[in-house]
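Trainee: Hi! I've just opened this one and could use a hand. Where should we start?
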Amino acid sequence: MSVTDVIEKALYVRSRYQKVIAGNIANVDTPGYKEKDIDFERELAGRMKGSKEVEVIETPQQEGFTRLDENTVNVEDQVVKMTENSLMFSALVTAITKKFSLMRYVINGGR
Amino acid sequence: MKSMFDIMKISSSGMRAQRTRLEVVAQNMANVHTTRTEEGGPYRKKDVVLTAQDVSEAKFSRIFGGKVEGVKVEDVIESAKPFERIQSPGHPDADKEGYLTLPNVNIMEEMTDMISATRAYEANSSVLQTTKQMVQKSLEIAR
């Protein structure tokens, strides 16, 4: 499996992760909504094996306290995760761009 | 690319829901002293009912088994809280004993609702912003 393949799959999982986070933040006031999450490493490993499924993990209970409307979304957590996710996404894009520029360098015969 | 726009749809559904909440708060606040309505009697406080609902396109949501959702304003209901009664003889809507029935709107409650809706709106808009940055960044691939 080439570097390009790995990065492409990681980008795929990162973009899905962003969707999970967006869903959580959109539902911050929906009664009974349970916070959702995906395990990035496991999903990436699954992608490598060619699996198409993404396993969504639900948080049945918030740590510390329970809200009266039984919603388990922790906004602060989600914002942190979102920031991390977008930074990692950026890093992946930078990595794949570097890989391509290396290829271009070789194609041009080191010029 | 489509998947990224689906994420934006989720955020926009969240922003729409929060804006509706703000609209309802504005309506409640404006009618805090309304003693006459078309249905008769004083104004009744309105509340929004939110539900999680899949807003993305079919192919993408199948991957998640339809588990990742946006939000939808299911309904705007009238609050069943009791009305407030004050002594105000002479008011055209006061009863025989001089009691005036006021709407069941509590300004303090509306204020906290307003702040919570504003913050939630901001959270959704920052997700939208981040998603946009990710899309822009991905356009830089192989530049």
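Mentor: Let's start with a pair of side chains: A:Asp29 and B:Arg21 meet in a salt bridge, at 2.5 Å from N to O. Keep in mind that this is a predicted model.

Trainee: Okay! How many salt bridges are there across the interface of chain B and chain A?
Mentor: The rule finds one across that interface.

Trainee: And how many residue pairs are in polar contact between the two chains?
Mentor: Six residue pairs, counting those with both residues at pLDDT 80 or more.

Trainee: Which elements of chain B give two or more residues to the side that touches chain A?
Mentor: Those are helix 1, strand 1 (46-53), helix 2 (58-63), strand 2 (70-78) and helix 3 (107-138) of chain B. The largest share comes from helix 3 of chain B, with 11 residues.

Trainee: What's that side made of, by class?
Mentor: It has 16 nonpolar, 14 polar and seven charged residues.

Trainee: Back to B:Arg21. Where is it in chain B?
Mentor: B:Arg21 sits in helix 1, which covers residues 2-30.

Trainee: Is B:Arg21 buried or exposed?
Mentor: B:Arg21 counts as buried because its relative accessibility is 8%, and the cut-off for buried is under 20%.

Trainee: What does B:Arg21 touch, leaving aside neighbours within four places in sequence?
Mentor: B:Arg21 is in contact with A:Asp29 from chain A, and with B:Val48, B:Leu50, B:Asp113, B:Ser116 and B:Ala117 from chain B.

Trainee: Last thing: how much area do chain B and chain A bury between them?
Mentor: About 2900 Å², with 69% of it on carbon and sulfur atoms. The contact takes 37 residues from chain B and 36 residues from chain A.

Conventions:
Residues numbered from 1 in each chain as written. Chains lettered and ligands numbered in written order. Predicted model: local features only at pLDDT ≥ 70, side-chain atom pairs only at ≥ 80, totals over all residues. Heavy atoms only, no water. Helix = DSSP H or I, 4+ residues; strand = E, 2+ residues; numbered from the N terminus. Buried < 20%, exposed > 50% of the residue type's maximum accessible area, 1.4 Å probe, protein only. Contact = heavy atoms within 4.5 Å. Buried area = accessible area lost by both parts, 1.4 Å probe. Salt bridge = Lys/Arg side-chain N within 4 Å of Asp/Glu carboxyl O. Polar contact = N/O pair within 3.5 Å; in protein donor to acceptor, adjacent residues only side chain to side chain. Nonpolar A, V, L, I, M, F, W, Y, C, P; charged D, E, K, R; others polar.
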